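Here is a friendly walk through one protein model, written for someone meeting it for the first time. Have a look at the sequence and the 3D view, then read on.

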Amino acid sequence: MNMSELIRMDEYCSSVRDGTHDTPKPTDSGYYLVTSKAINNNSIDLSCCYFIAEKDYNKINERSKVDKWDVIMTMIGTVGRLHLVNNDPEFAIKNIALFKIGNEDRAKWLYYYLSTSTVQNYFELIASGTSQHFIGLGHLRRFKVENYRRNSKRITDILSAYDNLIEVNNKRIKVLDQMAE
């Protein structure tokens with residue numbers, strides 16, 4: 001790979017930002033507030049989240065609305081856990097990096113690029129903080145990513161097919177486990 005293929009994250013994405021830093025009051029119903037502890041293995045565990053009121057949800061979304069074909073990443077605590085948003089989300093985010101892309105092919109490319117062990121090890125290496133690891137937005141905006149090229153779609157299609165197989169098999173395992181109980 002030559003260096004001309006690398007561009008800054010804030011050039012690749014339409015925007016690089018993060019979720020709210022406020023702590024909205026939990027409610028009995030409404031919209032989920034997703035934090036770092038809910039993201040793992042490209043999934044969001046909503047059982048780790050709580051509901052917030054619609055007015056708080058709307059306020060957060062003025063700053064950091066998550067849309068289909070964005071990528072979100074944990075940036076506090078365990079850094080670098082990713083989720084490719086492939087549906088129309090009805091949640092808000094708190095202290096999570098948001099890479100605004102809005103294009104399926106480019107979003108998948110970024111997701112798989114950030115998932116590589118090289119990038120994950122780099123994020124872990126540069127995370128600062130003594131009691132809790134943290135990667136700042138400035139660093140994420142300047143981070144160099146390999147630019148999307150014509151052959152990138154072929155690569156992401158192959159990786160997506162494997163991800164789909166893994167998801168189907170995980171669902172089968174869950175059903176078998178439930179049947180065994």
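## A first look around

Asparagine 42 is partly exposed, because its relative accessible area is 25%. You'll find Asn42 in the loop between strand 5 (39–40) and strand 6. Keep in mind that this is a predicted model. Asn42 has a positive phi of about 55°, although it is not a glycine.

Another asparagine, Asn95, has a phi near 55°, again a positive value in a residue other than glycine. Asn95 sits in the loop between strand 10 and strand 11. Is Asn95 buried or exposed? With a relative accessible area of 17%, Asn95 is buried, since buried means under 20%.

A third asparagine, Asn61, belongs to helix 2. Its relative accessible area is 13%, so Asn61 is buried too. Leaving aside residues up to four places away in sequence, Asn61 touches Val66, Phe91 and Ala92.

**Around helix 2**

Helix 2 covers residues 54–64, and Asp56, Tyr57, Ile60, Asn61 and Ser64 are buried there. These buried residues span an arc of only 130° around the axis, so they lie on the same side of helix 2. On the face turned away from that buried side, helix 2 carries the exposed residues Lys55, Lys59 and Glu62. And what covers the buried residues? The cover includes strand 2 (15–18), strand 4 (31–34), strand 7 (50–52), strand 10 (91–93) and strand 11.

**Into the core**

In soluble globular proteins, nonpolar side chains tend to be buried together. Here, the largest nonpolar core has 32 residues, and Met9, Val71, Phe99, Leu110, Leu114 and Phe123 touch the most other members. Several elements supply at least two residues each, among them strand 1 (6–8), helix 1 (9–12), strand 8 (71–74) and helix 4 (117–126). Helix 3 gives the largest share of this core, with seven residues.

Take Val71 as a way in: not counting residues up to four places away in sequence, Val71 touches Leu82, His83, Leu84, Ala97, Leu98, Phe99, Ile101, Ala107, Leu110 and Tyr111. There is also a second, separate core of eleven residues, which includes Val34, Ile39, Cys49 and Ile72.

**The two pockets**

Now for the open spaces. Which residues lie nearest the centre of the largest pocket? They are Asn41, Asn42, Ser43, Asp163 and Glu167, out of 27 lining residues. So Asn42 turns up again, as one of the residues nearest the centre of the largest pocket. Strand 6 (43–44), strand 9, helix 3 and helix 6 (152–180) are the elements that give two or more residues to this lining. Helix 6 provides the largest share, eight residues.

The second largest pocket is lined by Thr20, His21, Asp22, Thr23, Pro24, Asp56, Lys59, Ile60 and Arg63. Asp56 and Ile60 in that list are also among the buried residues of helix 2, while Lys59 is on the face turned away from the buried side.

Here are the two pockets side by side:

| Pocket | Volume | Nonpolar lining residues | Polar lining residues | Charged lining residues |
|---|---|---|---|---|
| Largest pocket | about 860 Å³ | nine | ten | eight |
| Second largest pocket | about 160 Å³ | two | three | four |

Notes:
Residues numbered from 1 in each chain as written. Predicted model: local features only at pLDDT ≥ 70, side-chain atom pairs only at ≥ 80, totals over all residues. Heavy atoms only, no water. Core = buried A, V, L, I, M, F, W, Y, C linked by side-chain atoms within 4.5 Å. Buried < 20%, exposed > 50% of the residue type's maximum accessible area, 1.4 Å probe, protein only. Helix = DSSP H or I, 4+ residues; strand = E, 2+ residues; numbered from the N terminus. Contact = heavy atoms within 4.5 Å. 1 Å grid on protein atoms, 1.4 Å probe; cavity = no way out; pocket = protein on both sides within 12 Å on 5 of 7 lines; lining within 4 Å. Points joined across faces, edges and corners; volume = space filled by probe spheres on them. Nonpolar A, V, L, I, M, F, W, Y, C, P; charged D, E, K, R; others polar. Arc of directions from axis to C-beta.
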